[in-house]
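Thanks for sharing this one with me. Here are my notes, written with the bench in mind; please have the model open as you read.

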Amino acid sequence: MNPVKKILKKLLIKAGIIKKLPTDKPYTYSSFYPYMPLSNLSDDELLSLMRHEAHRIEKSTYNNIFKAKYSMYLEKAKRLDCIFLIFEKRNRFTTENTVLWAKKIRISFEDLYEGFISPNSSDAREYNFTHLDSFSKQISTRRSVRVWSKEQLQRTEWLEIAHTMIDSARWAPCSGNRQPWKFKILIDNEDKLLLDKLKEEHCTSAPLLIFVGMDRRVYGSLSNKDYETALFVDAGAAIMTMITGAHESGLGTCWNHFGRDLIESRKVNQEAYDRFCKKLNIEDYIEPVAILAVGLPKYIPPTPARMDIKDLLI
Ligand SMILES: Cc1cc2nc3c(=O)[nH]c(=O)nc-3n(C[C@H](O)[C@H](O)[C@H](O)COP(=O)(O)O)c2cc1C
């Protein structure tokens with residue numbers, strides 16, 4: 001930065017007009033946004049910001065605030081234009097689903113209801129309490145499984161299962177439609193054994209493991225914190241979708257904690273995690289959340305009792 005700009009910036013920070021850049025938080029929007037030009041952002045960060053802005057524009061119609069806050073939404077539309085331009089220059093994402101979706105929203109910006117919402121909406125589904133009731137009963141039969149059958153499926157079948165589970169996870173709700181999920185499929189023993197001592201035996205012995213991590217770079221735009229709590233909530237929504245689907249098909253799953261508190265609790269854990277990331281190409285901006293163990297169960301364990309509904313109600 002040139003010296004004049006540097007002095008000017010210092011003065012603005014002192015006067016409280018702009019905030020000091022948190023240099024120790026390299027992965028949050030708050031650290032570069034809106035100071036850093038969009039073109040400095042990675043493809044992943046831009047895609048996520050694009051989805052967030054397009055989502056906010058669309059939502060303004062549902063909440064009847066588009067007209068009242070027109071200039072704010074126009075700003076967002078212009079930001080979308082910049083992102084599309086950067087992708088064009090980088091020769092990236094000409095057919096990517098979410099770019100095409102964001103472009104549709106941008107094109108219909110001035111009349112989103114007529115141009116985008118009405119032609120792409122569908123009729124409301126018929127309300128049926130019985131379905132809700134039977135889902136509630138069915139979900140109560142899901143158990144965390146930690147003992148696997150001797151008979152298991154073939155590698156190709158596990159791959160197909162993993163892809164289908166991740167396919168369903170994509171449809172989980174996520175904050176601001178940012179879609180920050182990152183998954184790693186582990187089927188080979190040498191990969192699973194990287195978790196030896198870091199996670200329990202039922203993980204290393206499961207036929208399929210799915211690592212769930214979150215892209216930290218796309219959080220932080222709404223606050224000045226290191227991350228938003230939505231990071232973990234978004235992960236949980238995806239995980240729950242995956243294990244519900246797996247249960248429907250007769251597979252057993254166990255959701256296993258794989259957060260930084262566990263990893264950083266002991267030096268050996270941290271070393272094991274570093275080896276895990278290095279071997280499996282897990283970048284340091286990925287926040288580890290869970291390891292899902294999946295397999296054909298040997299048996300379904302006893303149901304751990306649940307609290308009464310009346311004790312859950314506030
Ligand atoms: C965030 C979270 C972390 C969990 N971590 C582990 C874990 O590290 N190891 C494990 O054996 N089970 C783990 N579980 C599974 C819980 O122990 C289990 O869901 C709970 O005891 C209720 O049993 P159920 O799933 O059979 O209903 C975890 C579940 C959640 C939601």
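The points below go from the ligand site to the surface and then to contacts between side chains.

1. A word first on what you are looking at: this is a predicted model. Please read each distance and area below as a value computed from that predicted model.

2. Let's start with the ligand, which has 13 residues around it. The closest of them are Arg143, Ser144, Arg146, Trp255 and Arg306. Sorted by class, the shell holds six charged, four polar and three nonpolar residues.

3. Which strand gives the largest share of the shell around the ligand? That is strand β3, spanning residues 252-257, with four residues in the shell.

4. Three polar contacts are worth finding on screen. In the side chain of Ser144, an N or O atom sits 2.6 Å from an oxygen atom of the ligand. Lys199 also reaches a ligand oxygen, with a polar side-chain atom 3.0 Å away. Asn256 instead faces a nitrogen atom of the ligand, and here the distance from its polar side-chain atom is 3.1 Å. As for cover, the ligand on its own has 620 Å² of accessible area, and the protein covers 65% of it.

5. Turning to the surface, Tyr127, Phe129 and Leu132 make a nonpolar patch of about 390 Å². Of these, Leu132 belongs to helix α7, which runs over residues 129-139.

6. For aromatic pairs, the count is ten. One of them joins Tyr70 and Phe109, whose ring centres are 5.9 Å apart; with 50° between the planes, the pair is tilted. This pair links distant parts of the chain, as its members are 39 residues apart. Tyr70 is in helix α4 (residues 70-90), while Phe109 is in the loop between α5 (97-107) and α6 (112-120).

7. Finally, charges: side chains of opposite charge can pair when their charged atoms come close. Over the whole structure, 21 salt bridges are found. Among them is Lys76 with Glu53, where the closest N and O atoms are 3.2 Å apart. Lys76 lies in helix α4 and Glu53 in helix α3 (residues 43-62), so this salt bridge ties together parts that are 23 residues apart in sequence.

How values were computed:
Residues numbered from 1 in each chain as written. Predicted model: local features only at pLDDT ≥ 70, side-chain atom pairs only at ≥ 80, totals over all residues. Heavy atoms only, no water. Near = heavy atom within 4 Å. Polar contact = N/O pair within 3.5 Å; in protein donor to acceptor, adjacent residues only side chain to side chain. Areas by Shrake-Rupley, 256 points an atom, 1.4 Å probe, with all protein chains shown as cover. Helix = DSSP H or I, 4+ residues; strand = E, 2+ residues; numbered from the N terminus. Nonpolar A, V, L, I, M, F, W, Y, C, P; charged D, E, K, R; others polar. Patch = residues over 30% accessible without salt bridge, like charges linked within 9 Å, V, L, I, M, F, W, Y side chains within 5 Å. Salt bridge = Lys/Arg side-chain N within 4 Å of Asp/Glu carboxyl O. Phe/Tyr/Trp six-rings, centres within 6.5 Å; stacked < 30°, edge-to-face > 60°.
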